[in-house]
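Open the model in a viewer and keep the selection panel at hand. The stops below can be followed in order.

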Amino acid sequence: MMKKWLLVAATSLLLAACGKDESAEQAKETAAAEEQKNEEKIEKETEKESSKEETSKVELSQEEMDQLRIPTVSIDSPYYEKDLTEQELVENYMDETGRIYFSLTEEPIRTIVSSTSSSKVSNITNYSDVFINPESQQAYQLQNQAERDQIYKLILANQPTQLQGTDPSEYRTWEQATNLERGMMQMLYLVGPTMNDIKTAMDRDLYDHPAFVVGQEELEKLGAPLVFAPAPQTPLDYELFENMKMVQAMWGQVGKFENPAENKAEFEKVYAQARQETNNLFARINYALTEDGFSE
């Protein structure tokens with residue numbers, strides 16, 4: 001279809017050239033040159049389309065497909081079976097710094113019951129320092145100290161304007177960070193490659209490429225309401241928590257976007273907004289780490 005359209009366009013150009021005060025021989029030479037030029041253009045366009053089609057239809061092994069996914073850690077049921085009151089939680093589990101923390105092996109999702117004059121209210125809360133999907137029993141956790149060090153340094157390097165030049169010693173350490181701050185840092189490290197894979201595919205117009213398809217699937221899963229972020233436990237945590245919920249929802253919108261290849265302009269807007277707000281989290285966490293958190 002593209003070839004046919006280009007040939008029609010070429011013919012129009014030739015007819016326009018022949019309408020001038022040229023000799024028949026000159027017109028013939030001009031037509032030949034234009035024909036050769038357009039044949040070369042058609043060949044290049046055909047090669048480009050063929051290359052794009054071949055790249056889009058590339059088949060990957062299961063192992064290669066798995067490597068495109070956001071890595072997670074499988075866990076046993078993260079739910080603690082017994083309900084707790086707020087008083088029990090504080091008395092039995094709050095440490096000397098004011099932190100409530102459970103590792104993934106300690107069933108970190110707890111049901112906290114608070115009473116009002118008329119009824120009881122139950123809140124299901126994640127007291128670990130990682131994002132958890134209890135339905136799939138997967139946790140978004142970095143596996144080694146090198147990765148944690150890398151994202152912590154990257155956060156410190158992304159200083160907002162008002163903090164330009166702040167010395168690293170003025171920031172709280174990873175160990176002093178709240179559960180939510182640590183969870184958000186880990187998530188930024190893990191989601192970055194997926195966001196970049198989608199951007200690369202968009203730039204090359206490869207919306208059918210496995211990296212793009214898998215990337216959308218992963219962001220849709222991550223944006224699901226059932227994925228629990230670590231609970232906020234300080235006043236600044238509550239601000240970060242609201243920012244994180246907003247960005248998490250944006251990831252879900254990128255993942256759930258239907259037929260992006262047919263709605264490129266709109267998809268690009270959705271993606272660009274999600275990417276910008278994801279980048280903004282670096283500066284927000286940077287700022288939070290200069291403020292008082294849990295005292296050690």
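A residue counts as buried under 20% relative accessible area, as exposed over 50%, and as partly exposed in between. With a relative accessible area of 24%, D205 is therefore partly exposed. The model is a predicted one.

**The whole chain**

Show the chain as a cartoon, coloured by secondary structure. There are nine helices and six strands to find. Of the 296 residues, 41% are buried. The exposed area of the chain is about 17,300 Å², and 48% of it comes from carbon and sulfur atoms. Among contacts with a separation of 6 or more, 74% are between residues 24 or more positions apart.

**Stop 1: D205 and K264**

Select D205, in the loop between α6 and α7. Its phi is near 60°, a positive value in a residue other than glycine. Most residues other than glycine have a negative phi.

Now add K264. The side chains of D205 and K264 form a salt bridge, with 2.7 Å from N to O. K264 belongs to helix α9 (residues 264–288) and D205 to the loop between α6 and α7, so the salt bridge ties together parts 59 residues apart in sequence. K264 is partly exposed, because its relative accessibility is 32%.

**Stop 2: along the chain to R284 and E277**

Select R284 and E277. These two residues form a salt bridge, and their closest N and O atoms are 3.5 Å apart. Which of the two categories, buried or partly exposed, applies to E277? E277 is buried, with a relative accessible area of 16%. R284, at 28% relative accessibility, counts as partly exposed.

**Stop 3: D129 and R182**

Go to D129 and R182. Their salt bridge has its closest N and O atoms 3.0 Å apart. The pair links distant parts of the chain, 53 residues apart: D129 is in the loop between β4 and β5 (131–133), and R182 is in helix α6. D129 has a relative accessible area of 10%, so it is buried. R182 counts as buried too, at 9% relative accessibility.

**Stop 4: Q186 and its contacts**

Stay in helix α6 (residues 179–203) and select Q186. Is Q186 buried or exposed? At 2% relative accessibility, Q186 counts as buried. Leaving aside residues up to four places away in sequence, Q186 touches D129, V130, Y140, Q141, L142 and W174. D129 was met at the previous stop, in its salt bridge with R182.

**Stop 5: R148**

Keep L142 and W174 displayed and add R148, in helix α5 (residues 145–157). With residues up to four places away in sequence not counted, R148 touches L142, Q143 and W174. L142 and W174 are also among the residues that Q186 touches. Then select the C-alpha atoms of R148 and M185: they are separated by 8.1 Å, while the two residues are 37 apart along the chain.

**Stop 6: a salt-bridge network**

Select R69, E217, E218 and K221, which are linked in a network of salt bridges. The count of salt bridges in the model comes to eight.

**Stop 7: the largest pocket**

Turn on a surface and look for the largest pocket, which has a volume of about 460 Å³. Its lining consists of 26 residues, and those nearest its centre are T125, P230, A231, P232 and F241. Which elements each supply at least two residues of the lining? They are α4 (86–93), β4 (120–126) and α8. The largest share, five residues, comes from α8.

**Stop 8: a nonpolar patch**

With the surface still on, select Y79, I124 and L226. Together they form a nonpolar patch with about 240 Å² of accessible area. L226 lies in the loop between α7 (210–222) and α8 (235–256). At 33% relative accessibility, L226 counts as partly exposed.

**Stop 9: E107**

Finish at E107, in the loop between α4 and β3 (109–115). What is the phi of E107? The value is near 50°, which is positive, in a residue other than glycine. D205, from the start of the tour, likewise has a positive phi. E107 counts as partly exposed, because its relative accessibility is 30%.

Note on methods
Residues numbered from 1 in each chain as written. Predicted model: local features only at pLDDT ≥ 70, side-chain atom pairs only at ≥ 80, totals over all residues. Heavy atoms only, no water. Helix = DSSP H or I, 4+ residues; strand = E, 2+ residues; numbered from the N terminus. Buried < 20%, exposed > 50% of the residue type's maximum accessible area, 1.4 Å probe, protein only. Contact = heavy atoms within 4.5 Å. Areas by Shrake-Rupley, 256 points an atom, 1.4 Å probe, with all protein chains shown as cover. Patch = residues over 30% accessible without salt bridge, like charges linked within 9 Å, V, L, I, M, F, W, Y side chains within 5 Å. Salt bridge = Lys/Arg side-chain N within 4 Å of Asp/Glu carboxyl O. 1 Å grid on protein atoms, 1.4 Å probe; cavity = no way out; pocket = protein on both sides within 12 Å on 5 of 7 lines; lining within 4 Å. Points joined across faces, edges and corners; volume = space filled by probe spheres on them.
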